Amino acid sequence: MSVLYPKVVFIGLGLIASSMALAMRAANLCEVIVGHARSKETRDVALEIGLVDAVFADPIAAVQDADLVVLALPVGAMGEMAALIGPHLKAGATVTDVGSVKVAVILAVQPHLPVNVHFIPGHPIAGTEFSGPHSGFAQLFQGRWWLLTPHPEIDTQAFARLCELCRKMGAKVDQMDAAHHDLVLAVTSHTPHLIAYTMVGVADDLGRVTDSEVIQYSAAGFRDFTRIASSDPTMWRDVFLNNKEATLEILGRFTDELAQLQNAIRLGDGAHLHAYFTRTRAIRRNIIDAGQDTSAANFGRDAKETTTKS
C-alpha cells in the first residue's frame, strides 16, 4: 500500500492513538510516527515498544512539518491544545480528532487553526475499557464505523485522503452532521455508559449486599456494567460536560421508559413486559446482523474483542 501521510503526529498516546499507529505501520500508510504525551512514563513506554519513532513533551516540537495531526485527547482538552499548536502547523496539513463529541470539539478547535490547514473532525466507534500505549492493537478498527463530520467547504482531496486512511485501517467510513452525530452517540454510547456508572454506584451504596457478594456472584449483566464503568473517568467526564443537551434529552426519555416498566412490574402487567423485551431483543439481533458484535457467549471473551468505547 502507498504512503498516505509521510509524517503523522499523535497528540495523546492512549488506546485509539496506539491502535491507529499500529494499524498504519501494518499497512505502510505513513513513513514517520511522532507522539506527544505529558507523562514521561507514557513517552518512555511509547518509545520502548516502538509505537513511535520520536516522542516529545512539547506538542509544538511534535507537530513540526506534520502532514496529519491526530488529537487523541479528552474532548475538554482539545481547544487548549489547538490554540497551542495551531500557529505551528504547516500549510496543507490535516488535523483530525477521535473524540466522541463533535459540536463542542468543532467550536473549541476550529477557531485556532489556520485557514490553510484542513480540519476534519472524526470519531472511530471502537475501543475497549483499557487505556495507555500498551492497550492498542492494529485490528481495533476492523469492521467498525469511523464517522467524519467535515465542514461543507472542506477540501475534497484532503477529505478523500482521510477517508482512505480510515478504510485502509479496516474501518467503514460515513459522513454525518455534527449535531446529529452527538444525538446518535448520546443514544448508542453516552447514556448507556452513564447508566452503567449509575448501576455500579447503586451496588456500591446498597448496604444489604456486601462487596464480596457483588464480586463473587456477578451475573453477565452486572459484569458488563462494571466493564463499561471501568473506562477512563477523565474522558467520560468531558464527554458528558460537552454533550450535555443530547445526553439530558436521552436521559429524559430513558426516565420515561423506566417509569413505564416500573408501573408494569408494580401492576403485574406481564403482557407489557413481554412485548417490550421482545422488541428490544430484536434490536440486539440487528446489531449482530450488522456485524457490530458476535452472537458468541462473551464470558471470558478476550478483552480486545470488546467494543465499549464511544
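A residue counts as buried when its relative accessible area is under 20%, as exposed when that area is over 50%, and as partly exposed in between. The exercises below concern a predicted model.

**Exercise 1. Cysteines**

Determine how many disulfides the structure holds, and examine the surroundings of C30 and C163.

Solution.
- Step 1. A disulfide is a covalent bond between the sulfur atoms of two cysteines. The test applied here is that the two sulfur atoms lie within 2.5 Å.
- Step 2. For C163, the closest cysteine sulfur is that of C166, at 6.5 Å, which is too far for a bond.
- Step 3. For C30, the nearest cysteine sulfur also belongs to C166 and is 13 Å away, and C30 is in no disulfide.
- Step 4. The count for the structure is zero disulfides.
- Step 5. Burial is assessed separately. C163 has a relative accessible area of 6%, so C163 is buried. C30, with a relative accessible area of 12%, is buried because this value is under 20%.

**Exercise 2. Helix α7 against helix α10**

Describe how α7 and α10 pack, and classify the residues of their contact.

Solution.
- Step 1. The two helices span residues 178-205 (α7) and residues 233-242 (α10). Their axes are 11 Å apart and form an angle of about 125 degrees.
- Step 2. Angles of 65 to 115 degrees count as roughly perpendicular and those over 145 as roughly antiparallel. The angle of about 125 degrees falls in neither class, and α7 is therefore oblique to α10.
- Step 3. The crossing of this pair is left-handed.
- Step 4. From α7, the contact draws on S189, H190, H193, L194 and Y197; from α10, on W236, V239 and F240.
- Step 5. Sorted by class, these residues comprise five nonpolar, three polar and no charged.
- Step 6. The buried residues of α10 are M235, W236, D238, V239 and F240. They pack against both α7 and α11.

**Exercise 3. Helix α7 against helix α11**

Give the geometry and the composition of the contact between α7 and α11.

Solution.
- Step 1. Helix α11 covers residues 244-267. Its axis and that of α7 are 9 Å apart, at an angle of about 65 degrees.
- Step 2. The crossing of α7 and α11 is right-handed.
- Step 3. On the α7 side the contact residues are D182, L183, A186, V187, H190, T191, L194 and I195. On the α11 side they are A246, T247, E249, I250, L251 and F254.
- Step 4. The classes are nine nonpolar, three polar and two charged residues.

**Exercise 4. A proline in α7**

Locate P192 and state whether it is buried, exposed or partly exposed.

Solution.
- Step 1. P192 lies in helix α7.
- Step 2. Its relative accessible area is 31%, so P192 is partly exposed.
- Step 3. With neighbours within four places in sequence left aside, P192 is in contact with A186 and V187.
- Step 4. A27 is 165 residues from P192 in sequence, and the C-alpha atoms of the two are 34 Å apart.

**Exercise 5. Helix α11 against helix α12**

Describe the packing of α11 with α12 and the residues that meet there.

Solution.
- Step 1. Helix α12 comprises residues 270-289, and its axis is 9 Å from that of α11.
- Step 2. The angle between them is about 140 degrees; α11 and α12 are therefore oblique to each other.
- Step 3. E257, Q260, L261, A264 and I265 of α11 meet H272, L273, Y276 and R279 of α12.
- Step 4. This contact has five nonpolar, two polar and two charged residues.

Technical notes
Residues are numbered from 1 along each chain as its sequence is written. This is a predicted model: local features need pLDDT of at least 70, side-chain atom pairs count only at pLDDT 80 or more; totals for chains, interfaces and linings use all residues. Side-chain values use heavy atoms; hydrogens and water are left out. Axes are lines fitted to C-alpha atoms, for helices over the stretch in contact, and angles run from 0 to 180 degrees between N-to-C directions. Helices (H or I, at least four residues) and strands (E, at least two) are DSSP runs, numbered from the N terminus. Angles under 35 degrees count as roughly parallel, over 145 as roughly antiparallel, 65 to 115 as roughly perpendicular and the rest as oblique. A crossing is left-handed if the near helix is turned anticlockwise from the far one by less than a right angle, and right-handed if clockwise. Contact means heavy atoms within 4.5 Å. Ala, Val, Leu, Ile, Met, Phe, Trp, Tyr, Cys and Pro count as nonpolar, Asp, Glu, Lys and Arg as charged, and the others, Gly among them, as polar. Buried means under 20% relative accessible area, exposed over 50%, partly exposed in between (1.4 Å probe, protein chains only).
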